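Trainee: I have a structure open and would like to talk it through with you. Could we start with the charged pairs?

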Amino acid sequence: MAHEFDRAYWDDIWAGAGGGAGDDDGDRPAAMAANPPNPHLIRETSRLVPGTALEAGCGAGTEALWLASQGWQVTGADIAAEALTIAARRSAELGLSGRVSWVEADLTVWEPPARYDLVTTHYAHPAIPQLDFYERLAGWVAPRGTLLIVGHLQRVGHLQRVGHRHAHGQHAGHDRSPQPPVEASATAQGITDRLEADRWEIVTAEEASREMPGHGGAPVTVHDVVVTATRRH
């Protein structure tokens, strides 16, 4: 059965109730918050001057907190209250509470109070089609601002795998499962096709694979799609 990526689904994940047989559910939220910031974020923002930033689907806040540590004024938005509780605790422990705020929001309907110099997301997938979600995020970028999308890559043969178990617990925000549901994946072409050429300059449109620790420490291959674009006006 395909997942409904709604509030109840993510609340279960962050409460530790979303695992399958053999998972240590009580350890899963901690594991999801334990990874370092996404390497694509570090690379793609290295050329940017810090300003205001929104991380959409921030989970426990790893990427949002990294941005705050680099001088950005950050808003982290997520649908899961438990994830945001963890994020707020971490920001206080790191002395970054003054540089980051946390918003509990359903990103399928929420509208931000302002536009941002950077809007980014890492593997988030709410209860609307993935490309529609990315198009919503694009509307939240200020003129001359940057959109950075890091998502699950939709691969050849992936379209046939619908309804399998969606593994979690490998990412500070949302999961980095090597086999995400097809409805949570995209291609670089699919994303850039949603960005009008007269409004956006495409900086990066990349499909890449890398290894990272999986459940139990065993390495897994993660297939990413990365799109960075600058809003012209």
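Mentor: Let us fix the term beforehand: a salt bridge here is a side-chain nitrogen of Lys or Arg within 4 Å of a carboxyl oxygen of Asp or Glu. Please keep in mind that this is a predicted model.

Trainee: OK, how many salt bridges turn up in the whole structure?

Mentor: The search finds 6 salt bridges. One of them pairs Arg 43 with Glu 44, where the closest N and O atoms are 2.8 Å apart, and another pairs Arg 43 with Glu 206, with 3.4 Å between the closest N and O atoms. That second pair links distant parts of the chain, since Arg 43 sits in helix H3 and Glu 206 in strand E7, 163 residues apart.

Trainee: And which residues get joined into one network there?

Mentor: Through shared partners, the salt bridges connect Arg 43, Glu 44 and Glu 206.

Trainee: Is Glu 44 buried or exposed?

Mentor: Glu 44 has a relative accessible area of 7%, so Glu 44 counts as buried, the cut-off being under 20%. Arg 43, at 36%, is partly exposed, and Glu 206 is partly exposed with 23%.

Trainee: What does Glu 111 pair with?

Mentor: Glu 111 meets Arg 136 in a salt bridge, at 3.4 Å from N to O. Here too the pair links distant parts of the chain, with Glu 111 in the loop between strands E3 and E4 and Arg 136 in helix H6, 25 residues apart.

Trainee: Switching topic to H5: which of its residues are buried?

Mentor: In H5 the buried residues are Ala 83, Leu 84, Ile 86, Ala 87, Arg 90 and Ser 91. They cover an arc of only 155° around the axis, and therefore lie on the same side of H5. Ala 92 and Glu 93 are exposed on the other side of the helix.

Trainee: What span should H5 have, and what does the model give?

Mentor: With 13 residues at 1.5 Å a residue, H5 should span 18 Å, and the end C-alpha atoms are 19 Å apart, which agrees. Gly 95, which follows H5, has a positive phi near 70°.

Trainee: Last thing, what is the mean pLDDT?

Mentor: The mean pLDDT of the protein is 84, with 79% of the residues reaching 70 or more. Residues 17-26 have pLDDT below 50, and this stretch has 13 contacts beyond near neighbours in sequence. Residues 158-177 are also below 50, and that stretch has 90 such contacts in the model.

Conventions
Residues are numbered from 1 along each chain as its sequence is written. This is a predicted model: local features need pLDDT of at least 70, side-chain atom pairs count only at pLDDT 80 or more; totals for chains, interfaces and linings use all residues. Side-chain values use heavy atoms; hydrogens and water are left out. Helices (H or I, at least four residues) and strands (E, at least two) are DSSP runs, numbered from the N terminus. The expected span of a helix is 1.5 Å times one less than its number of residues. Buried means under 20% relative accessible area, exposed over 50%, partly exposed in between (1.4 Å probe, protein chains only). The arc is that of the directions from the helix axis to the C-beta atoms. pLDDT is the predictor's confidence in each residue, from 0 to 100. Contact means heavy atoms within 4.5 Å.
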